[in-house]
Amino acid sequence: MHFSRSLTSLFTAATLIAAATFATAARAGDDTKSAASDVVVKAGFDVLASYTFTPAELDPAAAPGTPPPSGMKQVPAQVMGLNGKNVVVTGYMLPTKIDKGLVTEFLLVSSPMLCCYGQTPQVNEFVVVNMGTHGIKPVMDTPVQFVGKLQIKEMYEDGFLTNIYSLTGEKMAKSGVE
């Protein structure tokens, strides 16, 4: 009898250990899936602005409503590979929309000498960042990092190409450069 009870206890303990091991492995698998979708890729201006982008010429004789010609074939495959990815981009904030003292949209430029202070950036030298309704405090003249989903697509306003990079900003990662 004593031997039978010990065997039953041993079997029960082994079953509990196996169940705990499988549960831990399942959780680890879930964490891996979650971690893979949470991967953030560095998308610096050393890559984003590493090529010359020349906007396609508009056809003045084109009928109204005709889509403008595309210049996206100029974007290198390495850059297009970032499209739709969660990225972190470091640059300088140039606010374009402010609501109740918080910046909801801004340009992230590679250098403070672009835009207001110096030369106009090329279309691939800035990212339009939209923080949605959760704006952030403005940070001027200091490099900042933003995390979000990058979209690479020509955007037009009144028939003119305005940008090719936009970021749905999730958060400001940190100030300063690495």
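These legends go with a set of close-up views of a predicted model.

**View 1. The whole chain, to get your bearings.** Before zooming in, here's the layout: the chain has 3 helices and 6 strands. Walk along the sequence and you meet them in the pattern α-β-α-α-β-β-β-β-β. Of the 178 residues in the chain, 31% are buried.

**View 2. Strand β2 and its neighbours.** Strand β2 covers residues 86–99, and β1, a short entry at residues 41–42, runs parallel to β2 with 2 bridges joining the pair. Look for Lys-42 here: the bridge partner of Lys-42 in β2 is Val-88. Strand β5 (residues 144–157) also pairs with β2, this time antiparallel, through 6 bridges. To find that pairing, start from Val-87, which sits opposite Gly-148 of β5. β3 is another antiparallel partner of β2, with 7 bridges between them. In that pairing, Ile-98 has Val-103 of β3 as its bridge partner.

**View 3. The turn of the β2–β3 hairpin.** Zoom in on the loop between β2 and β3 and you'll find Lys-100. The hairpin has 2 residues between its strands. Lys-100 isn't a glycine, yet its phi is positive, near 55°. Is Lys-100 buried or exposed? Lys-100 counts as exposed because its relative accessibility is 81%, and the cut-off for exposed is over 50%.

**View 4. Lys-97 and Glu-105, a charged pair.** Side chains of opposite charge can pair when their charged atoms come close. How many salt bridges does the structure hold? The count is 1 salt bridge, and here Glu-105 makes a salt bridge with Lys-97, with the closest N and O atoms 3.9 Å apart. Glu-105 has a relative accessibility of 17%, so it counts as buried; the cut-off is under 20%. Lys-97, on the other hand, is partly exposed, at 45% relative accessible area.

**View 5. Glu-125, a buried acid without a salt bridge.** Now move to the loop between β3 (102–109) and β4 (126–130), where Glu-125 is found. Which side chain of opposite charge is nearest to Glu-125? That's Lys-42, but Lys-42 is 17 Å away, and the buried Glu-125 has no salt bridge. A salt bridge needs the nitrogen and the carboxyl oxygen within 4 Å. What Glu-125 does have is a backbone neighbour: a polar atom of the Glu-125 side chain lies 2.7 Å from the backbone nitrogen of Gln-122.

**View 6. Asp-141 in the β4–β5 loop.** Here's another residue to check for its backbone angle. Asp-141 lies in the loop between β4 and β5. Its phi is positive, about 60°, although Asp-141 is not a glycine. With a relative accessibility of 54%, Asp-141 counts as exposed.

**View 7. A nonpolar patch on the surface.** Which residues form the nonpolar patch? They are Leu-58, Tyr-156 and Phe-160, and together they have about 300 Å² of accessible area. If you want a landmark, use Tyr-156, which lies in strand β5. Tyr-156 is partly exposed, with 31% relative accessible area, so it passes the patch cut-off of over 30%.

Definitions and conventions:
Residues are numbered from 1 along each chain as its sequence is written. This is a predicted model: local features need pLDDT of at least 70, side-chain atom pairs count only at pLDDT 80 or more; totals for chains, interfaces and linings use all residues. Side-chain values use heavy atoms; hydrogens and water are left out. Helices (H or I, at least four residues) and strands (E, at least two) are DSSP runs, numbered from the N terminus. Buried means under 20% relative accessible area, exposed over 50%, partly exposed in between (1.4 Å probe, protein chains only). Lys and Arg count as positive and Asp and Glu as negative; His and the chain ends are not counted. A polar contact is a pair of N or O atoms within 3.5 Å; within protein, one must be able to donate a hydrogen and the other to accept it, and residues adjacent in sequence count only if both atoms are side-chain atoms. Two strands pair if DSSP finds at least two bridges between them. Patches are made of residues with over 30% relative accessible area and no salt bridge: like charges are joined within 9 Å, nonpolar side chains (Val, Leu, Ile, Met, Phe, Trp, Tyr) within 5 Å. Accessible areas come from the Shrake-Rupley method with a 1.4 Å probe; for residues, only the protein chains shown count as cover.
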